[in-house]
Amino acid sequence: MKLSTDLEKKFNEQITLEFEASIVYRQLAIEADQQDLPGIAAWLRHQADEEIVHANKFIDHVVDRGNEARIGAIAAPEVVPGLSMKEVFAAALAHEEKVSEAIRELYRSADKEGDYDARPLLNWFVDEQIEEEATASEILGRLELIGDDGSGLLRLDAELGQRPTESTEDE
């Protein structure tokens, strides 16, 4: 069953938002790289790649339903140079919350139209966003505990750098 014109538009907006999230994470990774925190930078780059995987899931859904998938305009991320890592993860959490709300709105729209075919995908994303927000919030909480302790920041950097690397096609 094809998506309605309205749902096609909303799914395409979500595709664009997922690519935007990838760019935000890439810019935040640059901030970590510039502060000589390679583990945090690698973790953020992995998040950026994961957002591309998410966009691909939405693209596949739209195409599989016989609709046209389109990427909209993406503005450059508004990341101020020289952010602290606490500010970096606060920005990451804020963007995850924005994505979560967009997915909930997409879910409400699909439900309103009785588009039950979108539910499996949207249920997966609801669960994924709970995990994404929890992870960013946990790291932010740890950064708040670390405060100005450089050795604590370096330990967190080493820990986050242990995350396995995957490509955008792995998930």
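Hi everyone. A quick definition to begin: I'll say a charge sits over a ring if NZ of Lys or CZ of Arg is within 6 Å of the ring centre and within 35 degrees of the ring normal. In this predicted model, lysine 57 fits that description, lying over the face of tryptophan 124 at 4.4 Å from the ring centre.

Tryptophan 124 has aromatic company too: together with Phe11, Phe58 and Phe125 it forms one aromatic cluster. The count of aromatic pairs comes to four. Take phenylalanine 11 and phenylalanine 58: their ring planes are at 65 degrees, with centres 5.9 Å apart, so the pair is edge-to-face. One of these residues is in helix α1 and the other in helix α2, so the pair ties together parts that are 47 residues apart in sequence. Both phenylalanine 11 and phenylalanine 58 are buried.

Now to tryptophan 43 and phenylalanine 89. Their centres are 5.5 Å apart and their planes at 50 degrees, so this pair is tilted. It links helix α2 with helix α3. Phenylalanine 89 is buried, with a relative accessible area of 0%, and tryptophan 43 is buried at 6%.

Which residues touch the most other members of the largest nonpolar core? Among its 25 residues, they are Leu28, Ile40, Leu44 and Phe89. Helices α1, α2, α3, α4 and α5 each supply at least two residues of this core. A second, separate core has 19 residues, including Leu7 and Phe11.

Last one, and a polar residue for a change of scene: glutamine 47, in helix α2. Its relative accessible area is 2%, so it counts as buried. Beyond its sequence neighbours within four places, glutamine 47 is in contact with Tyr25, Glu96, Glu132 and Arg163. Thanks, all!

Methods
Residues numbered from 1 in each chain as written. Predicted model: local features only at pLDDT ≥ 70, side-chain atom pairs only at ≥ 80, totals over all residues. Heavy atoms only, no water. Helix = DSSP H or I, 4+ residues; strand = E, 2+ residues; numbered from the N terminus. Buried < 20%, exposed > 50% of the residue type's maximum accessible area, 1.4 Å probe, protein only. Contact = heavy atoms within 4.5 Å. Core = buried A, V, L, I, M, F, W, Y, C linked by side-chain atoms within 4.5 Å. Phe/Tyr/Trp six-rings, centres within 6.5 Å; stacked < 30°, edge-to-face > 60°.
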